[in-house]
Amino acid sequence: MPAALTLKIKQPPELFSTGVDDMDMMLGGGIPRGSISEIAGALSTGKTTFALSTIAAITQSGAACAWVDVNDALSPESAAAANIVLKRLLWLRMSAERRQRGTDKPWSRLEQALRATDLLLQAGGFAAIVLDMSDVLPQHAMRIPLSTWYRYRLAAEQARTALLLLTQTPCANSCAALALRCEPADVRLFSRDGETALFEGQRYALVRERNRNEGSPFQQKKPCTRAEWPAETLWSRAR
Amino acid sequence: MYASRVACGNTVVEGTVMYAVIHIPNFAAQVAAKQRPELRKSAFVLVEGEPPAEVVITANKAARSSGVEAGMTGLQAATIPGVIIMRRAPEDEASALKVLHTIACMFSPRMEYVEHPPGTYALDIDGMGRLFGDETQLAEELRQRMTEAGFLANAAVAQNFDAAVCLAQGKTGVSVVPPGCEAEALRDLPLHVLNPSAEHTEMFCSWGVRTCGQLATLSETDLISRIGQAGKRLHLLARGAWPHLMFPLEPSFEESLRERMELDFPVEMLEPLLFLLARMTDTLLERVRARALAIAILRVVLHLDGGKQHEQLVRPALPLGDKATLLKLLQLDLETHPPNAAILRLELHAHSAAPYRIQHGLFLPQAPEPGRLEVLLARLRKLLGEERVGSVELKDDHRPNAFRMVAFAPPPPKKSEPSSLSVATALRVCRPPQTVGVTLVGNVPVRVLWEGQRYTVREIAGPWHVSGQWWSEANWCREEWDVRL
């Protein structure tokens, strides 16, 4: 039989733990290395929390990561609270202050971010790269050509890097090996007397929309497609 | 002038390494007398230390004959009539040493500064015969030059380095020792030329050993059994057989890592400049590689049209020996910070350091390769700006934005213990702060306008009164609300 027609044995991908047991169980171990994982969802649905938790688990394992921050919105205090080893995190902040001049469009910041991600993927050596487009409007994110995501998929595969996309709407389409949708799950009401702290009892939900690395479709026990997880703020931890 | 050739059966053998040593006896006192010639005819001492606990360092011959000795206190020396007390001037001694150095350079390119006794230089005079004649003529010429510079000097030539030093210290004038006759030449010299410790000096004095010849006749084994390994050194020195490896003074290696180039016409584009920089970097790399080193810092100085200078520093996180990487870093740095005028002349300075060597493990976590990481960071800095690339370091501060950006240098891969704490809610920051429109009904927010979008307040808590003036409890000037949109 010609070699071209021989069936390739697909190796199960290496997985990075997300730092949340329920999520790891839903994803079959964590997010895959060497491919694109897309986490989409509206504002305040836990995308950044999820990404920080994953990066924290990876940096604690001794590997280096990068955070491409399109809107310069990462809070270093939150990153430290998520137990990220800050020395192992390369933070790339797009020029947000240029926005004041009126000459800078969101698209140019996005372009900078895409070029920076390209450079990071080509250089290699980073276990995970987060492309944070959470504040980019869907109409801007959808303008990114599909060829960019194809290029990223190949580069991530060669560099053995997990590329995490944080977006409001899915835009990488079939290039993403793992597509997740974030939803708000449970919200505890504010109390007027100050008894309940702000953001206390916050819960987020994550729905798995596609996982290309899933096991056999004929397997008996299928993992659930939705997982809920709690998150708490520093001030509620102190309580 | 006193010149002596020690009678010996052997003659100077052609081709053997000979050392000429020039020594200025009582160096500090001679320097002081050179600075103030009126002191030559009077007795003076040099003192050092904080008054009143000053100690006599040295004295001239007239002062010594009056009874002054080194080690006396300044007050004791002051009680002796006719003795002038002066403070030692280290800066005068340093400038005098420069004069000695210059004169010594005229006689040999290879020389060593002998720290003890002060004011002593040793020269390797191998092959200098065609310029200065035989050893005696060279030593006499050397001494003559010192006299012209205002110093009374002793010169000695011997095959053994330390024998020449001892002879210059112990014999006035010029002494030339043929090879193999060092013990004979040192025989009558006093023991202090060997620079023994105070304890050993006292011991030798009690034994009745006063000259090098007397020490050389003692049995080496017996001497070592009594005073230890120091005895072996002193015995070999007294016989003129102590081996010495010369460490010649050399120009600083770092100063040699410079390249300059004048351009025929002003250059404004960076691309043609890179060809020249590549050649200069190559030359510098060859020099550092010859010493098994690498380049830690590269400094480019561009002399611009109009007399201004443009200086850039490329400092890789680890010393590099790779031309392509260094050149790429130079290019990216110059493209990020371009000069504002045409370039007339360029200089490239390098600082060397030991090259980095890392043993990678098979099972260690993934980490960026240092050389590639440097180029990547330089590219990213060019793309985003200097302050927008790096790791974050938190400051011990409660104010907002209490962090600073530091250069990204991940520590070696090492696993740390995972935290058992729950997942922390991540907050996002608006940089710079944005304007938000708020509609109030009855002094309570009901609608929020942000980035052209209108949000209705679904849930609200507050108001929380915040004081803008912590020193005035009455002035609660700010009201803050927690809202869910």
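Colleague: What makes S5(A) and strand S14 (residues 389–394) of chain B a pair, and in which sense do they run?

Modeller: Two strands pair if DSSP finds at least two bridges between them. Two bridges join S5(A) to S14(B), so the definition is met, and the strands run antiparallel. Gly390(B) in S14(B) is the bridge partner of Trp91(A). Bear in mind that this is a predicted model, where local features need pLDDT of at least 70, side-chain atom pairs count only at pLDDT 80 or more, and totals for chains, interfaces and linings use all residues. Residues are numbered from 1 along each chain as its sequence is written, with chains lettered from A and ligands numbered from 1 in the order in which they are written.

Colleague: Which sense does the pairing of S4(A) and S5(A) have?

Modeller: Parallel, over five bridges. Asp69(A) stands opposite Arg93(A) in S5(A).

Colleague: Why is strand S4 (residues 65–69) of chain A called largely enclosed?

Modeller: Buried needs 20 or more other C-beta atoms within 10 Å of a residue's own (12 or fewer is exposed, in between is partly exposed, and C-beta atoms are placed from the backbone). Five of the five residues of S4(A) are buried, so the rest of the structure largely encloses the strand. Both faces are covered: Cys65(A), Trp67(A) and Asp69(A) on one side, Ala66(A) and Val68(A) on the other.

Colleague: And what makes Ser44(A) partly exposed?

Modeller: Ser44(A) has 19 C-beta neighbours inside 10 Å, so it counts as partly exposed. Ser44(A) sits in the loop between strand S3 (36–40) and H2 of chain A, and its phi is near 60°, positive in a residue other than glycine.

Colleague: How do you know that Arg160(A) is partly exposed?

Modeller: Arg160(A) has 16 other C-beta atoms within 10 Å, so that class fits. Arg160(A) isn't a glycine either, yet has a positive phi of about 55°.

Colleague: Over in chain B, why is H13(B) called oblique to H14(B)?

Modeller: The axes of H13 (residues 270–289) and H14 (residues 323–336) of chain B come within 10 Å and cross at roughly 140°. Under 35 degrees is roughly parallel, over 145 roughly antiparallel, 65 to 115 roughly perpendicular, and the rest oblique. That makes H13(B) oblique to H14(B).

Colleague: Which residues of H13(B) and H14(B) make the contact?

Modeller: Contact means C-beta atoms, placed from the backbone, within 7 Å. Among them are Leu274(B) and Leu277(B) of H13(B), and Leu327(B) and Leu330(B) of H14(B).

Methods. Axes fitted to C-alpha atoms, helices over the stretch in contact; angles between N-to-C directions. Helix = DSSP H or I, 4+ residues; strand = E, 2+ residues; numbered from the N terminus. Contact = placed C-beta atoms within 7 Å.
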